[in-house]
Amino acid sequence: MDMKIVDEAVEQIAQVLPERQIDLVRLKALAPIERPATVTVIGKYNHGKSRLLNELIGHDIFSVADRRETIALSEHTHQSEHLQQPVSWLDAPGLDADVVGEDDRLAQEALWCKSDIRLFVHSVKEGELDSAEHPLLQRLDQDTQRTQRQTLLVLTQVDQVADPAVLSQVINTIEQQVPQLTTFPVSATRHRQGLEGGKQLLLQRSGLTELRAALDAALGNVPQARAHEKALLFTEINEELLQRHDRLQQQLQDLRQTQHSQRQAFDDGLDGVLKKVCEDLQPTLDMIDHDDALVPDSFDNMFKMTAGKQERARLQVAYSLACIEINSHLVRHGVVSLPAQQRSNVRSLDTVMIAVLGVSVKSRKDLRKIFGERTGREKLRHGFAHYFELSNDRVALAQQLVMLEADLLQADQARTALHRLGAA
């Protein structure tokens, strides 16, 4: 199996579904077919986890001390003479062992990503399950129902509770807290003393025989549980990717419809405005007699109100009214200022109206060419539509479309990566 393909696929999917990071790491752990079953010992520090592991394995592999000793994930693959198959034993740092959270992070990694079977260790000398252990065991039981990974609740250090009545009461209380789990009271110390002293009674009272039998049964179920869990995770993740694809596709469709509707509304509104402007200008444009506006002023009448001046003023008013009509439409659609790259040092000139129509006073001939002829109106439509697409709202909408298209492509690539992961 090419683990590079697996790593790349997991990374691609995680970019789309970061909330599935733990499940993806678990899928990666399930990828190697001939991997020994991993048994993780989990629990609070100094509850006898490492000592229990050593007794189950039959060798002093894991460090044992009266202080916090296990500060990293410690793994050892070993064929125990008491178990029917090789096992990868994983000793995790104790839960809640340090305030910075590194031990907890490693413990969670061992618990949810690496383990096929969990041995949850609780020392009976600490009494009942506390407010951290109890909900965690409930979560583990829920995970068993979902993935078929089994959890065995091991009650350690039973030899350190001298009063049998007190011991019985503690065990009963714990069994009432998690009635769905079978408890296994054990004493690693008794087991070691029994081995070293050849004392069968101590070996029997250690509880290791019952624990090993339960562990053997759980190990026998690992291949089936792995196949179930792998299929489950593939199905769930694929369904989430499909839902994400459909959701993004719908969002993209809605946004494109919005984009189309906005453009349609702008174009239709502009056509209506230009039609009205053309109708309002028609009496002015239709003048066919002598055009006083074309008669230049002489030096003699420079300061007099002439027919030419009056006609040019009339044309200016008509042109201004046309601009006001068009500008009102542009303002309604947010098409006012020029894009930043087109702006000059004169703010009053940095408008769409000036960019399209210019600043000069138009003659009757110019007005007819701009507003009265079809080619002129088409030029206006093209010019104003151009700046409409460059307006802030339209640019933001276009950027949203690009991002959605990229997200959709990423989701599709993640689905392809998931199928590649399944085939790896």
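## One turn of a helix

In which helix do Asp-143 and Arg-146 both lie, and how many residues apart are they? They sit in helix α5 (residues 133–147), 3 residues apart, which works out at about one turn of the helix. Keep in mind as you look around that this is a predicted model.

The side chains of Asp-143 and Arg-146 meet in a salt bridge, with 4.0 Å from N to O. The two partners don't have the same label for burial: Asp-143 has a relative accessibility of 7%, so it counts as buried, since the cut-off for buried is under 20%. Arg-146 comes in at 29% and therefore counts as partly exposed.

## A link between α3 and α7

That pair belongs to a longer list, because the structure holds 24 salt bridges. Another one joins Glu-55 to Arg-192, and here the closest N and O atoms are 2.5 Å apart. This pair links distant parts of the chain: Glu-55 is in helix α3 (residues 49–57), while Arg-192 is in helix α7 (residues 188–197), 137 residues away.

How exposed or buried are these two? Glu-55 is buried, with just 3% relative accessibility. Arg-192 is partly exposed, at a relative accessible area of 24%.

## A buried pair

Next up is the salt bridge between Arg-149 and Glu-229, whose closest N and O atoms are 3.3 Å apart. Arg-149 lies in the loop between α5 and β5 (150–156) and Glu-229 in helix α10 (residues 222–285), so the bridge ties together parts that are 80 residues apart in sequence. Are these residues buried or exposed? Both Arg-149 and Glu-229 turn out to be buried.

## Where α3 meets α9

Back to α3, the helix that holds Glu-55. At what angle do α3 and α9 pack? The angle is about 75°, and the axes of α3 and helix α9 (residues 208–220) are 11 Å apart. That angle makes α3 roughly perpendicular to α9, because anything from 65 to 115 degrees counts that way.

Which residues make the contact? On the α3 side you'll find Leu-52, Glu-55 and Leu-56, and on the α9 side Leu-208, Leu-211 and Arg-212. Sorted by type, the residues of this contact divide into 4 nonpolar, no polar and 2 charged. So Glu-55 shows up twice in this story, because it is a salt-bridge partner of Arg-192 and also one of the α3 residues in the contact with α9, all while counting as buried.

Definitions and conventions
Residues numbered from 1 in each chain as written. Predicted model: local features only at pLDDT ≥ 70, side-chain atom pairs only at ≥ 80, totals over all residues. Heavy atoms only, no water. Helix = DSSP H or I, 4+ residues; strand = E, 2+ residues; numbered from the N terminus. Buried < 20%, exposed > 50% of the residue type's maximum accessible area, 1.4 Å probe, protein only. Axes fitted to C-alpha atoms, helices over the stretch in contact; angles between N-to-C directions. Parallel < 35°, antiparallel > 145°, perpendicular 65-115°, else oblique. Contact = heavy atoms within 4.5 Å. Nonpolar A, V, L, I, M, F, W, Y, C, P; charged D, E, K, R; others polar.
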